[in-house]
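Grab your favourite viewer and work through these exercises with the model loaded. Try each task before you peek at the solution.

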Amino acid sequence: MKVKVLSRNPDDYVRETTRDIQRVPRNYDPTLHPFEVPREYTRALNATKLERVFAKPFVASLDGHRDGISCITKHAKSLSTVISGACDGELKVWNLPKRECLRTIQAHEGFVRGICSRFCGTSFFTVGDDKTIKQWNSEAPGYGVREEPINTILGKAVFTGIDHHQRESTFATCGQTVDIWDEQRSSPIRSFSWGVDSFSCVRYNPVETELLASCASDRSVVLYDTRESAPLRKVIMQLRSNTLCWNPMEAYYFTCANEDYNLYTYDIRHLDVPVTVHMDHVSAVLDVDYSPTGREFVSASFDKTIRIFPKDKGHSREVYHTKRMQHVICVRWSADNKYVLSGSDEMNIRLWKANASEKLGLLSTREQAAANYNKKLIEKFQHHPQVKRIARHRHLPGDILKQKRELREMREARRRKEKNVRKHSKPGSVPLLTEKEKHVVAVVE
């Protein structure tokens with residue numbers, strides 16, 4: 001004889017404390033919840049609206065420089081330390097949590113053209129218009145002791161950029177040539193040139209540490225291997241690239257910021273066509289930096305805005321601007337993936353959230369769970385017209401909106417003209433080029 005007994009465990013329905021929330025038994029059978037999708041859609045719509053309501057990305061402004069900011073770099077080992085250089089030759093070391101300046105150094109005469117931190121974080125290097133490379137101690141000198149560089153190297157020409165090797169005591173500078181230096185020597189151990197007047201930027205690959213890339217004044221991006229005696233190859237574009245940045249997670253990819261208002265992501269194995277063309281800026285792009293995850297990058301432009309792009313998307317997911325911010329010269333993404341730093345013409349460094357609507361500080365378990373749930377809901381319904389419209393909308397200054405409209409009209413007119421020329425020409429005489437193919441002139445081995 002079978003006897004059925006009711007068995008209840010008090011742990012399933014009794015609260016542990018009086019402050020705990022009531023436990024509710026749930027049956028997840030879909031037949032009992034016929035309106036689950038409409039309910040979730042409403043929640044997703046509300047979550048999207050609240051995300052835009054709470055999107056307040058600006059965190060702080062660091063002021064103290066007496067001229068425009070020309071370069072910013074992150075400390076190799078300290079999350080809270082940032083070093084900035086100005087157009088009057090002044091260096092400042094900042095503490096981000098306290099938002100205060102720790103040290104001020106009159107480093108160079110004229111512009112500070114580049115700063116890089118040594119991989120161990122014990123010192124940092126600067127280059128300037130006075131043709132010198134200076135190495136500075138990361139620790140401030142004692143009270144009353146004058147600030148002096150550890151080492152000074154006098155070069156033959158003006159240096160325009162500097163970057164340090166990830167593991168070894170060598171660094172690279174660019175100017176009239178790309179030079180590789182040893183920290184212990186006062187002359188370069190190797191120099192590269194490829195019939196170019198000058199270089200504006202040089203960057204070591206963070207993964208394949210022997211690889212280098214530089215932007216040249218003849219509209220080319222040149223690749224080098226420090227183990228070789230000559231440059232590897234270069235890609236020549238329609239307009240000049242200002243800076244470039246390697247993807248820290250994928251060794252083959254780099255993104256360059258161009259004068260034609262676009263950014264181009266290249267695969268070094270196939271330089272003839274860029275992987276992605278990132279379009280949204282309405283003026284020359286001056287700087288670019290990847291997030292530590294390698295999934296996104298931030299760009300600074302002459303149009304007084306900074307934009308955040310996913311690495312594989314053609315349009316930005318976020319745009320930041322303020323009424324006071326002028327031409328943005330340099331930009332950096334913090335090593336904890338939470339903040340973006342921008343330096344602009346009007347002598348301010350601004351700190352922004354990488355995720356505009358993210359709540360700062362510690363989150364309770366329920367807050368974190370709610371945030372994750374809302375994120376998944378928005379992801380599930382992201383292609384619904386209403387959700388998509390609200391999520392995509394960004395407020396832009398009037399002049400940028402006007403320039404965007406003008407650029408769109410110009411692009412459409414150019415496309416229309418190409419179509420008409422092709423229609424009235426001999427079949428096959430006017431090739432059909434994709435947007436990616438239009439910007440590369442040649443690849444030289």
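Below are five exercises on a predicted model, each with a worked solution.

**Exercise 1. Work out the strand order of the open sheet made by four strands, and say which strands sit at the edges.**

Step 1: Follow the pairing across the sheet; the order comes out as 2-3-4-5, and the pairing is antiparallel.
Step 2: Look for strands that pair on one side only, and you land on strand 2 (69-74) and strand 5 (100-106).
Step 3: Check the turn between neighbouring strands of this sheet: on average it is 20°, direction ignored.
Step 4: Zoom in on strand 3 (residues 81-86) and strand 4 (residues 90-95), an antiparallel pair with five bridges. As a spot check, take Ser84: its bridge partner in strand 4 is Lys92.

**Exercise 2. Classify the aromatic pair Phe192 and Tyr224, then say which parts of the chain the pair ties together.**

Step 1: Recall what you need to compute: a pair of aromatic rings is described by the distance of the centres and the angle of the planes.
Step 2: For Phe192 and Tyr224 the centres are 5.0 Å apart and the planes are at 40°, so call the pair tilted.
Step 3: Place the residues. Phe192 is in strand 13 (residues 190-192) and Tyr224 in strand 16 (residues 220-225), so the pair ties together parts 32 residues apart in sequence.
Step 4: Check the burial: Phe192 and Tyr224 are both buried.

**Exercise 3. Do the same for Tyr320 and Trp352: what kind of aromatic pair do they form?**

Step 1: With 5.2 Å centre to centre and 15° between the planes, this pair is stacked. The cut-off at work here is planes under 30 degrees apart.
Step 2: Tyr320 belongs to strand 25 (residues 318-320) and Trp352 to strand 28 (residues 348-353), so the pair links distant parts of the chain, 32 residues apart.
Step 3: Tyr320 has a relative accessible area of 2%, so it counts as buried. Trp352 comes in at 1%, so that residue is buried too.
Step 4: Put this in context: the structure holds eleven aromatic pairs, and Phe125, Phe159, Phe171 and Trp181 form one aromatic cluster.

**Exercise 4. Compare the salt bridges Lys380 with Glu40 and Glu259 with Arg240: where do the partners lie in the chain?**

Step 1: A search of the whole structure gives 26 salt bridges, so filter for these pairs using the cut-off, N to O within 4 Å.
Step 2: Lys380 and Glu40 have their closest N and O atoms 2.7 Å apart. Lys380 is in helix 2 (residues 365-380) and Glu40 in helix 1, so this pair ties together parts 340 residues apart in sequence. Glu40 is buried, at 15% relative accessible area.
Step 3: Glu259 and Arg240 meet at 3.7 Å, N to O. Glu259 is in the loop between strand 19 (253-258) and strand 20 (262-267), and Arg240 in the loop between strand 17 (233-237) and strand 18 (241-246), so the parts tied together are 19 residues apart in sequence.
Step 4: Glu259 is partly exposed at 27%, and Arg240 is partly exposed at 31%.

**Exercise 5. Find which residues make a nonpolar surface patch of about 440 Å².**

Step 1: The patch is made by Met1, Val3 and Val5.
Step 2: Locate Met1: it sits in the segment before helix 1 (36-53).
Step 3: Met1 has 98% relative accessibility, so it counts as exposed.

Methods: Residues are numbered from 1 along each chain as its sequence is written. This is a predicted model: local features need pLDDT of at least 70, side-chain atom pairs count only at pLDDT 80 or more; totals for chains, interfaces and linings use all residues. Side-chain values use heavy atoms; hydrogens and water are left out. Two strands pair if DSSP finds at least two bridges between them. Helices (H or I, at least four residues) and strands (E, at least two) are DSSP runs, numbered from the N terminus. Axes are lines fitted to C-alpha atoms, for helices over the stretch in contact, and angles run from 0 to 180 degrees between N-to-C directions. Patches are made of residues with over 30% relative accessible area and no salt bridge: like charges are joined within 9 Å, nonpolar side chains (Val, Leu, Ile, Met, Phe, Trp, Tyr) within 5 Å. Accessible areas come from the Shrake-Rupley method with a 1.4 Å probe; for residues, only the protein chains shown count as cover. A salt bridge is a side-chain nitrogen of Lys or Arg within 4 Å of a carboxyl oxygen of Asp or Glu. Buried means under 20% relative accessible area, exposed over 50%, partly exposed in between (1.4 Å probe, protein chains only). Rings of Phe, Tyr and Trp (its six-membered ring) pair if their centres lie within 6.5 Å; planes under 30 degrees apart count as stacked, over 60 as edge-to-face and the rest as tilted.
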